[in-house]
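Work through these exercises with the model open beside you. Try each task before you read its solution.

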Amino acid sequence: MASSVALPDLLAPLPVPSSAALALLPLAAPSAKWAARVHAAVAAREAGAAALARALVERGEGEALVKYGRAWLATCMIVLTEASAVEPHLALVHSIVAHARATPEFEREAVLPALGKLATCLVRLADALAARAEWPPLLATLETMHALLVLHPAPFAPLVPALRASLLALLSLTGPSARPHALDRPAADVLAALHGTRGRSSLAVNWAGGAREALGGLAAGLSAITADAWVEDPFEPVPPPAVVPQPPVDPMERSAVGLDWLEGWTEVVLALLRVQTNRPLPVPVSALIAAALRCLNLSLDTPTTPYISPQHHARLVAALPRIWTCGALVLAATVDAVGDHVLLHLSNVLETTVSLLEHLPVAMTEPRAQLLSLHARLLRAYHPGALHPDYPARLLKLCLSGLRPLLETRAPAAGAPAPAKRGKKRARGHEESLVSSLEGRRRRGLGEAEADVVVRLLELAALLHPTPRLAPALLSLSVRLHLALHLSLAAASPFAAAIDTARVRAAVEAVLDRAMLLVEGEGGLGRDWKVLVLSTLPAHASSSARYAHLLHPSTPPLHRPLPPLAQLHFFAETDDERALRLELEISASGDGRAQQVQDDDDDADKATDVPVKVARIHPASVGAPDPPPAPVAAPPMSAPAAPLALLTPAPLPALPTAAPSLPAPVETQPEPAGLPLPPAGSFMDVGRSAPTTETSAAASTEVLAVPAADTSDDERIPDLDSGSSDEDMDDD
C-alpha cells in the first residue's frame, strides 16, 4: 500500500503569498510557523497576503484568529482609509467579524470595540469611491457593509443620515456618471438594513417611512418614462421623495433617466420586502399592487400622444420588457411577503397579467417566460379553486396554444429523404430541398429561449389541471395533447440541441405524472385513462410503487409498449374537443388544414366550383356572308361500303392521319330542341355512308354548364406531354 504524502511539508517551502499555497491550504494543516509568515506578509501589506489570511480564518483555525485577528483588523482599517486595493482586505474584515462569534472572548475584547471605527471607515470609503466612480471597489464595500449591518447594526446608528443620503444620491445619478445596474441591489440592501439600527421598537415606523419613499421614487421613475409619450389610465399620484431631482426636458434623455430610476427604486422595494423580522410591519399592499399593475398595464397597444416622435416611440417600445420585469418582480415579492392579503386584489392582478400574456408576440420569449413564472408562483401560493374559473381556463388555453409549434412541426430524421409531393414537380421538389440545405435555408430548430418558454408552459399546465371548475372538454384535450406531445418527441424533436429536448421531455412526463393524481371519471376524463398514460410513460420502479394502488386488479401486471385496446377509445375526439382544438388553431390529420403545397403550374390547372358556360356556335350563325352551297364530301375510303345484310368481319382500314377539314356551311333547318348531339366519328362509322347535312350541321347555339373537375386525384386528368424533362422524371 502506497504511503500518503505529507501535505504540511508542501506548504513550508512555498513563498508567502503564492497561488499554490492558496490552492493547497484547504488540504493541508498549516503549522504555527507558516501562520506567522502569513501574519508578517499581511502586516507588510503584500499583494495576496490578505487572501491567505482569509483562507486561514475560514478554514477554522481558531488559534490563528485569536493570535493575529486584532492585528489583521487594524491593518485592514488602515488600508480602507487609504482607499487602494480594498477588495481583499474587505473580505478579510468580513471573515474576521463573522467567525469571531465562535470565540466570544475574542469578539468581546477585539472585535466589538473596533466596530464603530470600522463603520466610519466603510462609510467614508463608500463616499470616496462613489465620487471617483470606482464601481467594482464600491460594490465590494456595499456588500461588506450589508453583511456587518446584519450581524451588528448598532455601531452604524450614528452614521445613518449621512449613509442614507449618499445611497439615495447614488440611486438618483443621471447622465454619463450613472451607476451600473450591478450596484442597485447592494445599495438597496444597505438602505433596507438601516431601518434596524435604532432598535426593534422603532423598526415598524422606520420601515413604513422607507416604503413610502421607495414607492414615491418608483412612481417618479415611471412618470418620467410615460410623460409626453403614453396615455395612461387614471391612477392615484404618489409624491416623490425629496432626493429625486427633476428629470431632463428632452424626452429621449428623460425616458432613459426614468428607466434607471424605476429599476433602482424597484430594487429598494424588493429589499424592504425581504427584511427578516419577528415584528409586524405595516405593508402597503394596495399601493404595492397598484404600482406593479401600473407597470404591467403598459403594452404595445397602449395609446400614445399624437406628437410623439418615431425615435422616442421606438425607445419606449424597446424599454417595455424592462418595465414589465419591474412590475412582475414587485408583484411576486408582495405575494411572497404578505401571502393571503393579496386575495382581495387577485382578480385585478390576473385580469392584467393574463391579458398582457395573451397579447404578447411569440417572438418576445424572455417577457413571456417571466410572466409564465409569475403565474406559476401565483398558482403555487393560491389554489386554482380560489380563482375565478375564467382565468384558469384562459391560462390553460394559452398553454395549449403555445405548444402548437411542437405538435405541428416534425423535424425530418437525419438522412431521410423529404416526403414526395403529389403533382408534376416531385423531382423539382427534391432538387429545391437539396439546394436550400446547401445554401443554409433549411428550417431552423427551436433554440434555448423557445425551450425555456415551453418548459414554463408545461409547468403552468401541470398546476392548472387540478382546477375544480375547469371545462371537461378542455381538460380532456389538455391530457390528450400532452400525451401526443410525449409520443411525438420520442420520434422527432423540433429542438436544435439535445439538452433542450431532454428538458422538454422531462417536463411533459412531469405533467402526465401529476395528471395521474386527478380523480378518474370526473372533470370529463374517460374511464381507465390512467392505464393509457401509464402504458406510455417510461417504466420506473418508483413510479410503479407510487401508482400501484391506482391500477385496477383486472389490469395485467405487464408493461405494455402500446396503449391497451380497451383504452383506445380515449383517442376518440368529441365535438367539443374538436371545437376547442380548432379554436386554438391546432391542426390534426383529417382537418383539411395540413394540405401539401402545390407548384404554380398545378395551381393554374385547378378547376373552380363556378360553372363554365361553353357556347357551341355553328359556322352558319356567324354574321359573315353565306357562301354558295357545296356538296358534303365523305372521308376517303379504301373500299366501297358493303350492304348491311352482307357485312362480314374484315380488317379495318387505316384512318387518315391528317386533321379533317371542317365541312362547308350548308343552310339547313335547325335541329329540334332536346335531341342529343350526334356522337363523334368512331371506328364503327368507317364502313357506313357519309352523314347527311341534316345531322352534320346545326344553326342553333347551345350553352352547356361544365361542372368543376375534381383535380385532387391525378389519375382522372391525363398528363399531356409538353416535352420537358420534369415529366420524364415524373414517370420514373
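**Exercise 1. How many salt bridges does the structure hold?**

Two notes on the source come before the solution. This is a predicted model, where local features need pLDDT of at least 70, side-chain atom pairs count only at pLDDT 80 or more, and totals for chains, interfaces and linings use all residues. Residues are numbered from 1 along each chain as its sequence is written, and side-chain values use heavy atoms, with hydrogens and water left out.

Solution.
- Start with the rule: a salt bridge is a side-chain nitrogen of Lys or Arg within 4 Å of a carboxyl oxygen of Asp or Glu.
- By that rule, the structure holds 16 salt bridges.

**Exercise 2. Find the parts that the salt bridge of Arg480 and Glu577 ties together.**

Solution.
- Check the distance: the side chains of Arg480 and Glu577 meet at 2.5 Å, N to O.
- Place the partners. Arg480 lies in helix α22 (residues 472-491) and Glu577 in helix α26 (residues 575-583), so the pair ties together parts that are 97 residues apart in sequence. Helices here are DSSP runs (H or I, at least four residues), numbered from the N terminus.
- Check burial, which means under 20% relative accessible area; exposed means over 50%, and partly exposed is in between (1.4 Å probe, protein chains only). Arg480 is buried at 12%, and Glu577 is buried at 5%.

**Exercise 3. Describe the salt bridge of Arg294 with Glu232.**

Solution.
- The closest N and O atoms of Arg294 and Glu232 are 3.1 Å apart.
- Arg294 lies in helix α14 (residues 285-296), and Glu232 in the loop between α12 (203-226) and α13 (251-273), so this bridge joins parts 62 residues apart in sequence.
- Arg294 is buried, with a relative accessible area of 10%. Glu232 is partly exposed, at 22%.

**Exercise 4. Examine helix α18, its burial and its salt bridge.**

Solution.
- Helix α18 (residues 390-402) has 13 residues and reaches 18 Å from its first C-alpha to its last. That is close to the 18 Å expected at 1.5 Å a residue, where the expected span is 1.5 Å times one less than the number of residues.
- Ten of the 13 residues of α18 are buried, so the helix is largely enclosed by the rest of the structure. Among them are Tyr391, Leu395 and Cys399.
- Arg394 and Asp390 form a salt bridge (3.7 Å, N to O). They are four residues apart in α18, separated by about one helical turn.
- An α-helix has 3.6 residues a turn, so residues three or four places apart point the same way.
- Arg394 is buried at 17%, whereas Asp390 is partly exposed at 35%.
- Follow the links: Glu351, Glu358, Asp390 and Arg394 are joined in a network of salt bridges.

**Exercise 5. Why is Cys326 not bonded to Cys295?**

Solution.
- A disulfide is a pair of cysteine sulfur atoms within 2.5 Å.
- The sulfur of Cys326 is 6.2 Å from that of Cys295, its closest cysteine sulfur, which is too far for a bond.
- Cys295 is buried at 2%, and Cys326 is buried at 6%.
- The structure holds zero disulfides.

**Exercise 6. Classify the ring pair of Tyr68 and Trp72: stacked or edge-to-face?**

Solution.
- Rings of Phe, Tyr and Trp (its six-membered ring) pair if their centres lie within 6.5 Å; planes under 30 degrees apart count as stacked, over 60 as edge-to-face and the rest as tilted.
- The centres of these rings are 5.8 Å apart and their planes are at 25°, so Tyr68 and Trp72 are stacked.
- Tyr68 and Trp72 are both buried.

Technical notes: Helices (H or I, at least four residues) and strands (E, at least two) are DSSP runs, numbered from the N terminus.
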